[in-house]
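Please open the model in your viewer and keep the selection tool at hand. The tour below proposes what to select next and describes what is there.

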Amino acid sequence: MRPRLAASAVLALTGILPAPAQDDGSLAAGYSRTHWGTDRGLPEQDVLAVAQASDGSLWIGTRRGVFRFDGMTFRPVYAAPGDLAELGTVLGLQSDEGGDIWVLLRDRRLLQQRHRAFDQPLYSVRPREMAVTTMSRGNGGTMLMSGIVNGLMRFEKGSFTTVAAPADLPSSPIIAIAQKSGGRIWVGTRDSGLHFLERGRAIAAGPGLPGQRINALAVLGKSLWIATDRGVARWSGGTFETVVPRVQASALLVDRESNVWIGTDRMLLQIDPSGTVHADASIHGVRTLGEDRHGSIWVGSTGGLDRLSPRIFSMRLPLPGGAIYADPVGAAWFAPLSGGLVRIDKDRLTPVTQPGVREAVVYSISSRGAGLWVATRDRGVARIGAEGTTQWWTSRDGLPENTVFGLHVDRTDAVWAATLTAGVSRLSNGHLTNYTVADGLASNSVSSIAESADGTVWFSTADGLSTFANGRWRTLTTKDGLPTNTVRCVFQDSGGIVWAGTDAGPVAIRAGSVRPLRTVPRLLRDRVFGITEDRFGWLWIATANHVLRIRRERLTSDSVDDSDVVEYGAADGLVSTEVTPRDRSIATDSSGRVWISTVAGLFAVDPARLAQRTIPPSARIEAISADGSEIPLAPSVRVLPERRRVVFQFGGVYLPAPERLRFRYRLDGFDSAWSEPTDTHEAVYTNLAPGWYRFRLAAGADELWSENSATVEVYIQPAWYQTIWFEVFAGLVLVAGLAGAYGWRLRVIEHRTRILIDERVGERTRVARELHDTLIQNITGLSLQIGGLTKVVTAPETARERLASLKEQAEFCLREARQSVWDLRSADAEIGDLSASIRESGAQLTAGKSARFNFEVEGAPRPISQQIALQLLRIAREGISNAAQHARATEIEARLIFESRAIRLVISDNGCGFEGAAGERPGHFGLATMRERAAQVGGVTTVTSSPGRGTMIETAVPTA
């Protein structure tokens with residue numbers, strides 16, 4: 001296809017007319033331009049070369065060397081870290097497939113930047129290469145370059161090979177190289193035209209070129225574009241065709257959209273795929289062209305550096321905007337502030353010409369089915385029929401006033417009209433019904449109307465959000481959770497959530513209840529004039545001074561923050577972000593486009609283009625310092641001991657919008673989670689313990705976050721007192737000290753315990769001695785005297801019986817006293833063998849009695865606690881004593897049974913037995929005492945007896 005030049009571009013190129021500042025506006029309309037000169041930090045005004053590195057930064061070659069640009073700051077690139085010498089004049093920059101940068105200097109040296117340092121790869125080539133004249137990227141990730149000693153060379157997989165020897169190349173120096181997709185290599189010379197390589201030899205391409213100095217080559221499909229000092233030609237099918245004549249073309253670029261960019265001494269040209277040529281003469285003296293990974297075109301010229309970014313937003317009408325409406329059939333309707341109405345259908349603009357509407361200032365637009373309804377500033381409401389007829393409703397027809405600000409046609413085809421001072425009206429089947437505050441409306445000033453999926457009609461007012469459903473009004477205010485009563489717009493999203501735009505930001509309403517957002521990002525804390533949703537689930541929100549986009553599910557989550565909000569502005573083609581307050585200032589049409597009405601005009605954006613933005617920013621760790629001393633940057637660094645403050649300085653690159661760049665970081669080994677997004681460029685850690693850490697950095701913008709974070713391993717070296725050997729030594733000293741203290745403490749406790757035991761034993765012995773010397777002796781004397789009296793007293797018989805009873809009681813007291821003395825003496829004595837103690841006690845208690853005592857041990861005897869042994873022994877003595885004294889038994893048997901988790905003591909006799917509680921005589925507490933003793937060691941005593949059949953006492957005590 002032959003390129004078609006706009007008339008003004010042709011005249012400018014031929015010199016008939018001065019070149020316009022911008023052609024017919026088409027180049028500027030499609031791209032947003034940003035310029036950098038020395039007044040904005042560019043170190044050198046004359047830009048000779050540009051290339052993009054793997055980290056996304058732009059490298060700029062000038063007469064003063066190379067500078068790295070991250071979108072905000074220009075930083076010099078030195079030959080080696082710490083070497084501040086400039087590289088000198090740069091003739092060419094080229095990035096290879098791996099993202100390394102190749103630099104061609106004026107002295108014809110070739111440098112390759114790898115791992116933040118330069119080397120000279122041609123040192124390994126023999127014979128030694130003296131000068132390189134040009135370089136270019138070849139197919140398959142290779143690099144092509146031309147040397148005066150080795151001819152045309154290819155660099156691939158770390159080594160050089162010769163493609164064509166100097167003898168097989170033109171004698172004129174090669175200054176341009178290009179390789180077509182089929183593999184053929186083309187070379188352009190300084191003064192002998194164009195050649196291609198065939199079997200290692202250069203063959204002249206033939207006549208037809210506008211000039212013999214070939215400044216640049218570019219491949220587009222099967223064609224080759226050639227820039228010369230006298231014009232631009234295209235080679236295709238074996239012939240040359242002059243595309244742009246009489247220009248000194250110095251640079252060529254084919255972008256990802258197949259546009260051909262031509263840099264000349266007088267202007268910048270673009271030829272789009274349709275063949276149309278666009279010119280911009282405000283950029284002249286072009287020396288180099290480049291395209292970054294986001295699709296922006298970078299232009300280096302004698303006037304500085306320019307970026308042409310494809311506009312996300314396209315201006316559809318350069319008129320101050322009013323109401324916008326997207327109808328169900330795919331058309332958009334726009335009402336300029338100056339008046340009238342325009343229909344936009346498939347990029348065709350058609351003004352509405354119906355009388356009355358053509359002159360009216362339209363505040364709101366709505367439709368359902370055939371026909372269009374419009375609300376006007378001072379003419380009431382009109383319906384434009386499909387056949388072109390117009391029908392009006394005004395105050396004469398029952399409207400409360402002719403100034404109608406909002407309009408909506410509901411699912412019943414009823415028309416709702418909102419006024420600024422007189423409430424709302426409902427027009428149904430030709431009948432008008434007016435509603436005001438008296439009927440339940442929150443305010444008579446209504447700014448917006450919307451309908452939810454359940455048929456509820458919503459009204460945003462200055463005093464709250466009103467709803468009308470099933471003939472009833474309801475109002476939501478700050479008492480119901482609204483952040484403010486001033487509501488400016490209302491919208492229901494695809495998930496059924498109703499969003500109210502208030503003067504304090506958006507608020508969600510679910511199932512009729514206000515659900516305030518737990519966190520509101522900073523940019524959303526503003527007056528909201530419009531809300532819509534695109535087909536990808538993003539909410540578009542127009543505030544007083546911002547146009548924002550945020551994922552719907554993120555806005556309703558508890559973890560939303562500023563990094564989730566994407567802001568658009570002039571860099572995206574949105575010349576103004578100030579929307580006009582209308583019933584609808586933002587809308588989404590059926591094709592998915594979002595329309596925004598601003599004071600500068602009507603803009604449209606296709607969210608599908610935004611969805612293609614998948615390249616996140618890159619993160620870069622710039623420096624590390626400890627207590628102010630910089631540490632040489634490496635994959636792994638060491639920090640000297642006793643450094644209190646470690647600082648990580650970092651940056652990132654996001655050329656489309658560097659002001660949106662945010663960072664998250666974490667120090668593994670110290671932080672448990674990533675930091676909150678921040679726009680600061682350093683992280684500070686203090687008093688880190690010795691050991692290994694890993695610092696990780698991620699960069700994000702426009703909700704895109706770098707997947708592979710920048711990392712550096714950090715080792716905090718310990719001081720001598722923080723080493724493992726010192727800790728081991730200190731630990732041993734501490735253990736030895738604790739052991740000594742513990743031993744001393746044990747000895748003190750043992751000494752004090754012995755004193756207490758000796759005191760206790762002495763006291764018990766004293767009490768037992770006194771009991772024996774006084775109480776027992778007295779009771780014994782009493783018993784003997786009562787016995788003597790029984791022999792003397794012969795009558796009456798009752799006196800004998802009473803004396804016998806006194807004697808028996810005295811004998812019982814005597815036994816009890818002796819038992820108490822035994823208990824006192826045995827309480828502190830250790831029981832070495834419980835079985836032997838029971839056998840000895842049984843023999844003692846039955847001595848001189850008619851009863852025979854038998855003792856058996858069952859199970860494997862094992863050690864038990866002294867407390868259990870003592871209580872079992874006392875129970876055994878009590879049981880044996882009772883059987884011998886009161887049961888008139890002839891056989892008494894005791895069994896000690898050792899079980900796995902318990903020990904049982906069974907005492908049985910063949911005495912007289914008893915029934916119920918008869919075994920307990922008044923004043924005798926033997927059985928109760930046995931139960932109490934068993935309970936003290938967690939055991940249970942049971943008694944089984946019946947008259948004439950003996951008694952069995954069983955005590956079970958757990959031992960595990």
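Helices (H or I, at least four residues) and strands (E, at least two) are DSSP runs, numbered from the N terminus. This is a predicted model, in which local features need pLDDT of at least 70, side-chain atom pairs count only at pLDDT 80 or more, and totals for chains, interfaces and linings use all residues. Residues are numbered from 1 along each chain as its sequence is written, and side-chain values use heavy atoms, with hydrogens and water left out.

**First stop: helix α7**

Select residues 834-846, which form helix α7. Its end C-alpha atoms are 18 Å apart, in agreement with the 18 Å expected for 13 residues at 1.5 Å a residue (the expected span is 1.5 Å times one less than the number of residues). Just before the helix, select D833, which caps the N-terminal end of α7: one of its side-chain oxygens lies 3.1 Å from the backbone nitrogen of S835. After α7 comes G848, with a positive phi near 80°.

Next, colour the buried residues of α7 (under 20% relative accessible area, 1.4 Å probe, protein chains only): L834, S835, S837, I838, S841, G842, L845 and T846. These residues lie on the same side of α7, because they cover an arc of only 160° around the axis (taken from the directions from the helix axis to the C-beta atoms). Add β67, α8, β68 and β69 to the selection, since the buried residues of α7 pack against them (contact: heavy atoms within 4.5 Å).

**Second stop: an open sheet**

Select β51, β52, β53 and β54, which form an open antiparallel sheet in that order (strands pair if DSSP finds at least two bridges between them). The edge strands, β51 (528-533) and β54 (566-568), each pair on one side only. Finally, select L548 and its bridge partner in β54, E567.

Note on methods: Buried < 20%, exposed > 50% of the residue type's maximum accessible area, 1.4 Å probe, protein only. Polar contact = N/O pair within 3.5 Å; in protein donor to acceptor, adjacent residues only side chain to side chain.
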